[in-house]
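Here's a quick walk through one model, with a few spots worth pulling up in your viewer. Load the coordinates and follow along.

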Amino acid sequence: MNQPVLDVQHLSVQFFGETETVTAVNDIGFCLEQGQTLGIVGESGSGKSVTSLALMGLVPNPGRITQGEIWFRAQEADPVNLLSVAETERRQYRGEAIAMIFQDPMTSLNPVYTIGFQITEAIRLHQSVADSEARRRAIAVLQEVKLIDSDDSLCTQAQIELSKQGNPEASERELNQWLNAHKRAELERYPHELSGGQQQRVMIAMAIACNPTLLIADEPTTALDVTVQATILKLLRDLCRSRQMALIFITHDLGVIAEVADQVAVMYKGQIVEQDDVQAIFRQPQHAYTKGLLACRPRLDQTVAYLPTVADFLAGKMTTVPTAAAPEPEAEVVLETQDAPELEMKPEADSETQSQGAAQPTPLLSVKNLAVGFPMKSVLGFTQRYLMAVNGISFEVYPGETLGLVGESGCGKSTLARTLLRLTPELQGEIIFDGQSVTNFKGRALQRLRREMQIIFQNPYNSLNPRMTIGAAIMEPLLVHKVGKSHQERRDRAAYLLERVDLDPAWMNRYPHEFSGGQRQRVCIARALALNPRFIICDESVSALDVSVQAQVLNLLKELQGEFGLTYIFISHDLSVVKFMSDRIMVMNKGKIEEIDQAAEIYTNPQTEYTRQLIASIPVGL
């Protein structure tokens with residue numbers, strides 16, 4: 001039997017504060033063999049990232065590894081306990097024999113240096129090679145991660161390009177000159193000139209440049225579109241296979257784990273609660289926490305009204321992972337709330353309108369031939385042309401409906417949302433809300449419209465003022481629109497809304513940094529509801545959340561929709577989440593509508609190749 005590349009035994013990591021000690025990793029162990037992939041899965045705070053930092057020797061103060069052994073075998077060398085060697089020797093392993101890919105490539109890459117400089121720097125730091133050899137290796141790894149085309153493909157491109165320039169019979173020397181110039185140009189690009197997927201490929205290239213024995217990937221696809229995510233996952237699988245490299249892949253999504261892992265370790269509150277091969281984990285999960293992680297991810301092949309949550313399984317409300325049409329939990333999850341404080345607000349709709357809507361639904365929102373573009377300036381400052389973000393689209397949204405809006409980053413989803421809310425001007429077209437054309441609304445008319453239309457943004461921390469308590473943040477819209485007769489009346493409204501989104505009203509005087517990501521998003525939802533709006537845009541509002549927290553927020557949004565009669569546009573790049581939330585789905589690509597239809601019909605009978613690719617890219621597990 002081969003010796004393992006990595007053998008972790010009884011590892012514990014603690015963080016020592018002034019008043020308490022937090023155990024982030026509690027007596028865990030696992031083995032990893034050459035060419036094998038171990039998936040470590042769990043929610044934020046479960047200890048996944050701290051485990052990876054411990055393996056790298058990068059646990060930040062005031063954290064400390066308090067016990068355990070980390071036996072590592074580089075290539076054919078004898079195993080070494082990394083915790084017993086000096087820091088100077090530890091550095092020889094870090095970055096060369098053990099490499100790491102972090103979650104956000106833009107914060108990991110230096111924006112003032114070219115990608116070529118950063119990759120060659122990593123090579124020169126660990127390998128005694130000349131600059132020319134370092135550049136050659138940098139080009140080779142960029143070709144390996146498919147950021148630069150292969151030499152054969154480049155030769156074909158060179159022949160086409162030189163032929164266009166009037167040189168159809170280019171010599172080998174001329175072809176080589178073109179190839180070298182093209183490769184140099186690729187190395188001279190800066191991080192901001194690359195897409196998110198391309199930046200992540202650069203990070204992978206830097207990590208594998210020194211041919212590591214072990215690669216640690218910490219949430220490397222969380223911020224990426226599903227199509228880009230699928231490409232990166234395939235790339236990592238292929239690299240591990242071709243290089244016989246061991247991989248630790250860290251994520252909160254078991255669907256992603258199924259795409260890459262051989263073995264799975266499930267972490268919960270610093271401990272590994274379940275560990276087995278990937279088939280066993282998916283087909284016969286043993287721990288309630290694992291079952292919850294498997295069940296809380298929406299599935300395209302199921303239509304359910306409620307997503308099971310991790311809390312349901314840990315509390316014993318559910319015990320089996322739904323495999324067909326998922327039943328609702330045995331214990332109905334209903335929040336006990338006080339009566340809503342009465343405020344002087346505009347009624348949602350008069351009885352005549354409602355009776356007409358029952359007979360023949362009238363759209364709450366109509367968009368006609370809408371186009372939004374951003375001016376491209378000349379050197380002299382004149383607008384030469386427009387970069388079209390939204391290009392002549394038309395659609396309708398009906399009262400009480402959820403219209404899902406799906407597409408990759410850059411397709412125009414968020415630009416459309418901002419234009420509907422009158423935050424971004426349009427070039428042409430008309431927006432009709434509740435029977436009125438709002439395209440030219442200004443001043444008080446626009447302010448009244450803002451009471452009816454709200455938005456929940458993707459990043460809840462950036463959406464909240466860090467210097468303002470959550471109570472003040474929820475009351476701010478009431479103050480701006482002069483709703484409520486007194487401070488106490490507005491405070492009562494904020495307390496009711498906090499309770500309604502399952503937060504303790506006693507936390508009203510706390511600040512955003514004192515809450516988790518899911519809790520902060522609940523505060524943003526409460527703030528959006530403060531003025532009793534009729535229409536809410538959810539712009540990637542669960543994309544940054546753990547799948548377990550995501551399920552809770554999605555269930556909450558559905559529950560609030562039924563209670564308050566809300567109409568949603570739900571924006572996401574994840575078709576499975578959109579299908580769970582939506583009555584109809586609209587697919588966007590390059591500023592245009594690819595197709596729009598009932599949610600189930602989009603999944604079972606997609607009409608365009610783009611939609612089929614989105615569906616095929618979604619990790620679905622085993």
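Arg184 sits in helix 7, which runs over residues 172-187. With a relative accessibility of 45%, Arg184 counts as partly exposed. Keep in mind that this is a predicted model. For a sense of distance, try Ala371: Arg184 and Ala371 are 187 residues apart in sequence, and their C-alpha atoms are 39 Å apart in space.

Now try another pair. Val483 is in the loop that links helix 18 (470-480) to helix 19 (487-500). Despite being a loop residue, Val483 is buried, at 1% relative accessible area. Between Val483 and Val406 there are 35 Å in space, C-alpha to C-alpha, and the two are 77 residues apart in sequence.

Let's zoom out to the whole chain. How many helices and strands does the chain have? There are 24 helices and 20 strands. The radius of gyration comes to 27 Å, close to the 25 Å that the globule rule gives for 622 residues, so the chain is as compact as a globular protein of that length. Along its principal axes, the C-alpha trace spans about 80 × 70 × 45 Å. Buried residues account for 51% of the 622 residues. As for contacts with a separation of 6 or more, 70% of them are between residues 24 or more positions apart. The exposed area of the chain is about 29,100 Å², and carbon and sulfur atoms supply 46% of that.

Next, some backbone geometry. Most residues other than glycine have a negative phi, and most peptide bonds are trans. Here are two residues with positive phi values:

| Residue | Phi | Relative accessible area |
|---|---|---|
| Asp27 | about 55 degrees | 41% |
| Lys146 | near 65 degrees | 59% |

Asp27 belongs to strand 2 (residues 21-32) and is partly exposed. Lys146 lies in the loop between helix 5 (131-144) and helix 6 (151-164), and this lysine is exposed. Neither is a glycine: that holds for Asp27 and for Lys146.

Where is there a cis peptide bond? One joins Asn61 and Pro62, with omega at about 5 degrees. Pro62 is in the loop between helix 1 (48-56) and strand 4 (63-72).

Then there's a charged residue to look at. Arg522 is located in helix 20 (residues 517-529). Is Arg522 buried or exposed? Arg522 is buried, yet has no salt bridge. The nearest side chain of opposite charge is that of Asp502, 4.3 Å away, while the cut-off for a salt bridge is 4 Å. Setting aside neighbours within four places in sequence, Arg522 is in contact with Val501, Asp502, Leu503, Gln552, Val553 and Leu556.

Last stop: helix 24 (residues 609-616), whose buried residues are Tyr610, Thr611, Leu614 and Ile615. Looking down the axis of helix 24, these buried residues fall within an arc of 140 degrees, so they line one face of the helix. What do the buried residues of helix 24 pack against? Their partners are helix 9 (226-243), strand 13 (402-406), helix 22 (575-581), strand 19 (584-589), strand 20 (592-598) and helix 23 (599-604).

Conventions:
Residues numbered from 1 in each chain as written. Heavy atoms only, no water. Helix = DSSP H or I, 4+ residues; strand = E, 2+ residues; numbered from the N terminus. Buried < 20%, exposed > 50% of the residue type's maximum accessible area, 1.4 Å probe, protein only. Lys, Arg positive; Asp, Glu negative; His and termini not counted. Contact = heavy atoms within 4.5 Å. Arc of directions from axis to C-beta. Rg over C-alpha atoms; globule rule 2.2 N^0.38 Å. Areas by Shrake-Rupley, 256 points an atom, 1.4 Å probe, with all protein chains shown as cover.
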